[in-house]
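User: I've got this one open and would like to talk through how it is put together. Can you take me around it?

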Amino acid sequence: MTRIIITGASGVLGSAVYAAFSSHYTLLGLSHSSPDTRYTPIDLLDPVQVQKVWNEFNPDWVIHCAAERRPDVADKDSEKAQRLNAGVPAFLARLAAQMDHSLIYISTDYVFPGTSPPYLPSSTPDPLNLYGRTKLAGEHALLSFENCSSVRVPVLYGPVKKSEDSAINVLEKVVRDQSGKQYKMDDWQVRYPTNVLDVATFLRKLVELGKPLPKIIHFSAPHKHSKYTLCLAFSQLLSLPCAHITPDTPDPASTGQESVKRPKDCRLDMRETEELLGVGEGEAWDGVEVVRWLEGWFNRDKGEGEGEA
Ligand SMILES: NC(=O)c1ccc[n+]([C@@H]2O[C@H](COP(=O)([O-])OP(=O)(O)OC[C@H]3O[C@@H](n4cnc5c(N)ncnc54)[C@H](OP(=O)(O)O)[C@@H]3O)[C@@H](O)[C@H]2O)c1
């Protein structure tokens, strides 16, 4: 049976990837601080530990999801973010070459400046913040190695343990907060929220494709939203007033409200992904639209939800 290591299996994406591969594969899911006993704790910053685990498991594939994904946190400890987001993929790519296995590294649309979407895999990256720069450095580290690919995805949501684990799921809390607190919500940045369950299904298709993968692959849901328009949609779903939420239109970084610069619109062009999968236009993503999916998630306690955290 094909043997796969999934790093960051305790994270939002990694747990969906672990579930998607759990039948028909021999898996080793890695965590760091999570108490979840399905996963093996490891510090990916320690190359000795990594080498030992890799030697013992001898993978055919590694799907590398672990990272510091929060731009603000990455900015505060740039040295650690650089080591985790760029140093670790560089080490894993070298291991992949030495041990002759394939590696998929999860990257981000934040490698682009967001000024001229849509972006092809070959478009010139120019990240606006440190997080994007560290993730791009991770991509670059893979380029000279065979059987190593980067999959760029936009903002993620899906079945989460805590809504704070996703920049999209957390908006439910804002809408539900009817305490009188006022919120200004970004209506400037164009986002393409993509469900981790769909990313996981896509990654399984890539592993099962049976042909060499391109160096850089894009995967994104097609629907445009701002955080503000999502809040409006959620307030309708939840039948809650939303007068406490007002749209914020200027670039938040230009007004000094946010220290980390964010790109305006990084839409990932999916045409090469469609060609890779051999499907028609718009068919590489076949998920449920974000608001519809979250309606099920919000109602999960009533037995209508999809997926499990
Ligand atoms: N979330 C987004 O909106 C988004 C958007 C674009 C791209 N991405 C990319 O998608 C990938 C997955 O993101 P995510 O949202 O699933 O992140 P996440 O929920 O924050 O998960 C991060 C994972 O990394 C693990 N980890 C952190 N430091 C580690 C270390 N030193 N050693 C070993 N493992 C460590 C964590 O383990 P513990 O929890 O056990 O400590 C956790 O499993 C990342 O590469 C991210 O850059 C994410």
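**Sheet, shell and one loop residue**

Analyst: Sure. Seven strands make an open sheet in the order 3-2-1-4-5-6-10, paired in parallel. This is a predicted model, by the way.

User: Which are the edge strands of that sheet?

Analyst: An edge strand pairs on one side only. In this sheet that applies to strand 3 (40-41) and strand 10 (216-218).

User: What is the bridge partner of T7 in strand 4?

Analyst: Strand 1 (residues 3-7) runs parallel to strand 4 (residues 61-64), and four bridges join the two. T7 has its bridge partner in strand 4, and that residue is H64.

User: At about what angle to strand 5 does helix 4 run?

Analyst: Helix 4 covers residues 78-99 and lies across strand 4, strand 5 and strand 6. Its angle to strand 5 is about 160°.

User: Which helix gives the largest share of the shell around the ligand?

Analyst: The ligand has 27 residues around it, with G8, G11, H32, S34 and A67 the closest. By type, the shell splits into 14 nonpolar, nine polar and four charged residues. Helix 1 (12-21) and strand 5 (102-108) each supply at least two of them. The largest share, three residues, is from helix 1.

User: Is F145 buried or exposed, or partly exposed?

Analyst: F145 sits in the loop between helix 5 (130-142) and strand 6 (148-153). Beyond its neighbours within four places in sequence, its contacts are A93, A96 and A97. Buried would take 20 or more C-beta neighbours and exposed 12 or fewer. F145 has 18 inside 10 Å, so it counts as partly exposed.

Technical notes:
Residues numbered from 1 in each chain as written. Predicted model: local features only at pLDDT ≥ 70, side-chain atom pairs only at ≥ 80, totals over all residues. Near = placed C-beta within 6 Å. Nonpolar A, V, L, I, M, F, W, Y, C, P; charged D, E, K, R; others polar. Contact = placed C-beta atoms within 7 Å. Pairing = 2+ DSSP bridges. Axes fitted to C-alpha atoms, helices over the stretch in contact; angles between N-to-C directions.
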